[in-house]
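Let's take a quick tour of this one, starting with the overall fold and then moving on to the pocket. Have the viewer open as you read.

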Amino acid sequence: MTHFCSTQLQAPDFAVCLRLLLLSPALEECVVRAGLQEWMTRQLAASDGGLPLARGGPVLVSTAVFGLLHIGSGWQHALAVLAPGLALALLYQRTRSWTWCALAHSGMNAFAISVCELQINF
């Protein structure tokens, strides 16, 4: 687990907290969910919805793009965020609200910061 906890996550300053708890969740969810996933969903609806498997395409593609957005932190991070990314994509598919996704994303980041900070103390 320690290789997933960068020094920024282990001892976050105000700027890191601002980025991880507010800016990144809002920007990523706005672009990936309200942008890409919504666009793909509308395209499928306009083309008669396609096959049942194809309806999952926007969820899967937005999950993959979400993972790729985190590749700058290493491929391990990109893989680690696929499950949370899928949860956020499904949340968006259900609610059509990128703000709920951003709040959930912020909560996930807060959890990651907490776990990484706990590692320092133990």
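## Fold and pocket

Going along the sequence, the pattern reads α-α-α-α-α-α-α. In other words, this predicted model has seven helices and zero strands. As for contacts, take the pairs in the protein that sit at least 6 apart in sequence: 65% of them join residues at least 24 apart.

On the surface side, the protein has 122 residues, and 34% of them are buried. The accessible surface comes to about 7500 Å², with carbon and sulfur atoms accounting for 71% of that.

Now for the pocket. The largest one has a volume of about 780 Å³. Its lining takes in 26 residues, and the closest to the centre are Leu-9, His-77, Val-81, Asn-109 and Ala-112.

Which helices each supply at least two residues of that lining? Here they are, with their residue ranges:

| Helix | Residues |
|---|---|
| H1 | 7-10 |
| H2 | 14-46 |
| H4 | 57-69 |
| H5 | 75-80 |
| H7 | 98-121 |

H7 gives the largest share of the lining of the largest pocket, with seven residues.

And how do the lining residues of the largest pocket divide into nonpolar, polar and charged? The split is 15 nonpolar, nine polar and two charged. If you're setting up a probe of this pocket, the residues closest to its centre, His-77 and Asn-109 among them, are the ones to find in the viewer.

Terms used:
Residues are numbered from 1 along each chain as its sequence is written. This is a predicted model: local features need pLDDT of at least 70, side-chain atom pairs count only at pLDDT 80 or more; totals for chains, interfaces and linings use all residues. Side-chain values use heavy atoms; hydrogens and water are left out. On a 1 Å grid over the protein atoms alone, a cavity is a set of points where a 1.4 Å probe fits but cannot get out, and a pocket is an open set with protein on both sides within 12 Å along at least five of seven lines; lining residues have an atom within 4 Å of a point. Grid points are joined across faces, edges and corners, and a volume is the space filled by probe spheres set on the points. Helices (H or I, at least four residues) and strands (E, at least two) are DSSP runs, numbered from the N terminus. Ala, Val, Leu, Ile, Met, Phe, Trp, Tyr, Cys and Pro count as nonpolar, Asp, Glu, Lys and Arg as charged, and the others, Gly among them, as polar. Buried means under 20% relative accessible area, exposed over 50%, partly exposed in between (1.4 Å probe, protein chains only). Contact means heavy atoms within 4.5 Å. Accessible areas come from the Shrake-Rupley method with a 1.4 Å probe; for residues, only the protein chains shown count as cover.
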